[in-house]
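Colleague: Could you take me through one part of this protein slowly, as if I were new to structures? I would like a close look at the largest pocket, and then at how it sits in the whole.

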Amino acid sequence: MYEGIVQDLIDELGRLPGIGPKSAQRIAFHLLSADPADVRRLAATLNEIKDKVRFCRLCFNVAQAELCRICSDQRRDPEQICVVEESKDVIAIERTREFRGRYHVLGGAINPIGGIGPDDLHIRELIARLADGTVTELILATDPNTEGEVTASYLARQIAPMGVKVTRLASGLPMGGDLEWADEVTLGRAFEGRRVVA
Ligand SMILES: [Zn+2]
């Protein structure tokens, strides 16, 4: 245990995803010896994200306005919605340049062990977006792991009766992983080779 604020810093860093106590300590001491200007810039960015960044009211992607950049772009195809778990997956798919439709960010995946059920995700809002019949294809691009698969089958079951074509990215993505880990070519190919599931 360190004294006061140094320990507070280690504790705060240790609450971030993927950062264990050792890493938290290493980052804390890096910050203590870093250039003050760099540390202040990081602190200012952390302050700003909570004030300036919000979530798109349609698709729940990160946004700087009421609608995100993609939802407010009239050139995007309104007939296709690609469903992803997190905003970082939107970035990964955008990099492939395979998709010209819109997105829907669920905010995670169904995970019974972790206590995350369908009601904890933006599924109700997704179903509401399909109500007016504009969307003809829903592409399920949840992560290629157990939670992602469970979420995809749940969505396929819910949405199939609505008469919307539901497709899933082709296999070939590294199983057990995160969508964002796939390289652009692999992800682009999985997109192109998507198959109808419902
Ligand atoms: Zn949006």
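Modeller: Here is a walk through the pocket, followed by its surroundings.

This is a predicted model, so local features need pLDDT of at least 70, side-chain atom pairs count only at pLDDT 80 or more, and totals for chains, interfaces and linings use all residues. Residues are numbered from 1 along each chain as its sequence is written, and side-chain values use heavy atoms, with hydrogens and water left out.

Let us start with the space itself. The largest pocket holds about 300 Å³. On a 1 Å grid over the protein atoms alone, a pocket is an open set of points with protein on both sides within 12 Å along at least five of seven lines, and lining residues have an atom within 4 Å of a point. Points are joined across faces, edges and corners, and the volume is the space filled by probe spheres set on them; the probe is 1.4 Å.

Now look at the walls. The lining consists of Leu9, Glu12, Leu13, Arg15, Leu16, Leu31, Val39, Leu42, Ala43 and Leu46. By type, eight of these are nonpolar, none polar and two charged (Ala, Val, Leu, Ile, Met, Phe, Trp, Tyr, Cys and Pro count as nonpolar, Asp, Glu, Lys and Arg as charged, and the others, Gly among them, as polar).

Which helices supply at least two residues each to this lining? They are H1 (4-14) and H3 (36-52), and H3 gives the largest share, with four residues. Helices here are DSSP runs of H or I with at least four residues, strands are runs of E with at least two, and both are numbered from the N terminus.

Stepping back, the domain assignment, which is automatic or from a database, gives domain 1 (4-52) and domain 2 (75-168). Their C-alpha centres lie 33 Å apart. The protein has seven helices and seven strands, in the order α-α-α-β-β-β-α-β-α-β-α-β-α-β. Its C-alpha atoms fill a box of roughly 60 × 35 × 35 Å along the principal axes.

One residue outside the pocket lining is also worth a visit. Phe60 sits in the loop between strand S1 (54-55) and strand S2 (62-63). Its phi is near 70 degrees, a positive value in a residue other than glycine. Most residues other than glycine have a negative phi. Phe60 is buried, with a relative accessible area of 16%, because buried means under 20%, using a 1.4 Å probe and protein chains only.

Technical notes. Buried < 20%, exposed > 50% of the residue type's maximum accessible area, 1.4 Å probe, protein only.
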